[in-house]
Amino acid sequence: MLNFNLIYKFYYDWWKNIDKTLFALIISLFSLGLFFSLVSTSLIASDKLDTNNYFFFFKHLVYIVIGMIVLIFFSSLSKEGLFKISFYLFIISLLCLFLVPVLGIEVNGSKRWLNLFFLPRFQPIELLKPFIIIFIATILCSEKNFNIYFKYLLTFIAIVPACLLLMMQPDIGQTLLIFLAWTTLVFISGISLLIILTFFSFSLISLIYMVFFIPKFIYIKDRILSFFNPNDGTHNFQSDKAIDAISSGGYFGKGIGEGTLKNRVPEAHTDYIISVISEEFGVVAIVLLLILFLFFIYTVFKKIYVEKNEKIKLVLTGTICLIIFQALIHIGVNIRLFPTTGMTLPFLSYGGSSIVGVSILSGIILNLTKRKID
């Protein structure tokens with residue numbers, strides 16, 4: 001039989017030691033995501049799927065329940081247990097990414113998803129991102145007597161398979177996200193700025209060559225060229241509608257359910273959720289959301305500042321940088337600063353893979369910011 005006293009004590013200790021402010025912020029962001037999922041998908045469900053108005057809402061609720069279980073699991077582990085299980089999950093998620101070209105589901109010309117029995121259309125990269133951060137930090141903080149530049153080389157070798165597999169899908173947005181996170185960790189670990197700039201320049205030239213001269217990436221080339229040509233309506237349709245939605249929403253929005261973007265742009269509740277929110281609730285709502293994100297980021301960086309363990313500092317920096325970069329790319333696409341990438345907004349966008357991925361990141365952050373037990 002289950003010993004409920006032990007379970008109660010275990011989770012009482014968990015609750016007593018976690019950072020309540022961070023936990024409240026995470027719950028608030030997930031709750032807002034659930035609310036915006038309800039108002040942005042109810043008409044889609046009734047009009048396009050001929051089902052009840054709350055189809056997507058209930059799916060989103062299920063994903064959040066799964067995400068909260070995942071979050072509590074990762075945040076309740078010991079630090080040693082977290083690092084140990086992360087290594088095995090890194091291997092498993094990388095293997096899943098290898099399966100995508102073979103068994104993956106193709107949607108709109110991209111093959112990025114696996115069909116798992118408990119989570120249909122799951123995107124393995126969302127599972128891989130948190131653990132690749134821990135893997136990189138482990139290599140950089142290894143106590144083995146390796147030359148530091150050899151460690152940098154090992155971390156680069158660690159991200160190469162993931163980046164190559166992502167480019168095959170193709171998914172340049174997630175490739176860029178992994179590369180930026182790796183660059184951040186390597187930079188703050190103490191590498192020369194000149195080396196970073198040289199490598200970054202080489203990588204940028206390589207990326208430009210692939211996009212413009214390799215046929216598989218022709219669609220990315222078209223998106224980039226159309227991005228710099230506002231009169232090209234072929235590839236700018238979604239971005240133009242998103243900008244129109246933000247403009248028409250004004251300061252206080254059109255009101256709940258009055259927006260039209262969710263019915264005019266495919267996957268608006270995932271890739272363009274910021275525009276949907278702005279249209280119905282106004283720019284004021286977006287500013288309040290950004291303040292909530294900034295307070296969450298500030299709270300994590302405050303914890304990083306007082307942390308003494310170098311590995312924990314690197315992992316916390318990497319996880320929060322993933323959230324920052326992903327949010328910046330999502331917002332940048334919505335306001336037409338960047339070409340369309342198909343990047344979700346952490347915590348708020350609809351989608352099982354995104355929610356589970358950010359739940360793992362949040363669980364790791366809560367774990368590594370727990371109150372130290374004397």
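Here are some questions and answers about this predicted model.

Me: To get our bearings, how many helices and strands does the chain have?
Reply: Happy to start there! The chain is 374 residues long, and 50% of those residues count as buried. Its secondary structure comes to 15 helices and 2 strands.

Me: Which share of the contacts with a separation of 6 or more comes from residues 24 or more positions apart?
Reply: Good thing to ask about a folded chain. Here we look at contacts in the chain with a separation of 6 or more, and pick out those between residues 24 or more positions apart. Their share is 71%.

Me: Are helices α4 and α5 parallel, antiparallel, perpendicular or oblique to each other?
Reply: Let's find the two helices: α4 covers residues 79–103 and α5 covers residues 124–140. Their axes come within 8 Å and cross at roughly 140°. Angles over 145 degrees count as roughly antiparallel and those from 65 to 115 as roughly perpendicular. The angle here fits neither of these, so α4 is oblique to α5.

Me: Is the crossing of α4 and α5 left-handed or right-handed, and which classes of residue make the contact?
Reply: The crossing of α4 past α5 is left-handed. Residues in the contact include Phe 83, Phe 87 and Leu 94 of α4, along with Leu 128, Phe 131 and Phe 135 of α5. By class, the contact has no charged residues, 2 polar ones and 16 nonpolar ones.

Me: Is Lys 84 buried or exposed?
Reply: You can find Lys 84 in helix α4. Its C-alpha atom is separated by 10.0 Å from that of Ile 134, which lies 50 residues away along the chain. The cut-off for exposed is over 50% relative accessible area. Lys 84 has 57% relative accessibility, so the residue counts as exposed.

Me: What is the phi of Phe 347, and where is this residue found?
Reply: Phe 347 is not a glycine, although its phi is positive, at about 80°. As for the place, look past α14 (310–334) and before α15: Phe 347 is in the loop between α14 and α15.

Me: Which residues touch the most other members of the largest nonpolar core?
Reply: This core has 92 residues, and its largest share, 13 residues, comes from α14. Phe 347 belongs to the core and counts as buried, with 1% relative accessibility. Among the residues Phe 347 touches are Ile 26, Leu 29, Phe 296 and Val 358. The core members with the most contacts to other members are Phe 296, Ile 320 and Phe 347.

Me: Which residues does Val 300 touch, leaving out those up to four places away in sequence?
Reply: Val 300 sits in helix α13 (residues 273–306) and is buried, with a relative accessible area of 0%. Its C-alpha atom and that of Leu 316 are separated by 7.5 Å, with their positions 16 residues apart along the chain. The residues Val 300 touches are Leu 22, Leu 316, Ile 320 and Ile 365.

Me: Is Ser 353 buried or exposed?
Reply: Ser 353 belongs to helix α15, residues 352–368. Leaving out residues up to four places away in sequence, Ser 353 touches Arg 121, Phe 122, Gln 123 and Glu 126. Buried means under 20% relative accessible area. At 7% relative accessibility, Ser 353 therefore counts as buried.

Definitions and conventions: Residues are numbered from 1 along each chain as its sequence is written. This is a predicted model: local features need pLDDT of at least 70, side-chain atom pairs count only at pLDDT 80 or more; totals for chains, interfaces and linings use all residues. Side-chain values use heavy atoms; hydrogens and water are left out. Helices (H or I, at least four residues) and strands (E, at least two) are DSSP runs, numbered from the N terminus. Buried means under 20% relative accessible area, exposed over 50%, partly exposed in between (1.4 Å probe, protein chains only). Contact means heavy atoms within 4.5 Å. Axes are lines fitted to C-alpha atoms, for helices over the stretch in contact, and angles run from 0 to 180 degrees between N-to-C directions. Angles under 35 degrees count as roughly parallel, over 145 as roughly antiparallel, 65 to 115 as roughly perpendicular and the rest as oblique. A crossing is left-handed if the near helix is turned anticlockwise from the far one by less than a right angle, and right-handed if clockwise. Ala, Val, Leu, Ile, Met, Phe, Trp, Tyr, Cys and Pro count as nonpolar, Asp, Glu, Lys and Arg as charged, and the others, Gly among them, as polar. A nonpolar core is a set of buried Ala, Val, Leu, Ile, Met, Phe, Trp, Tyr and Cys residues joined through side-chain atoms within 4.5 Å.
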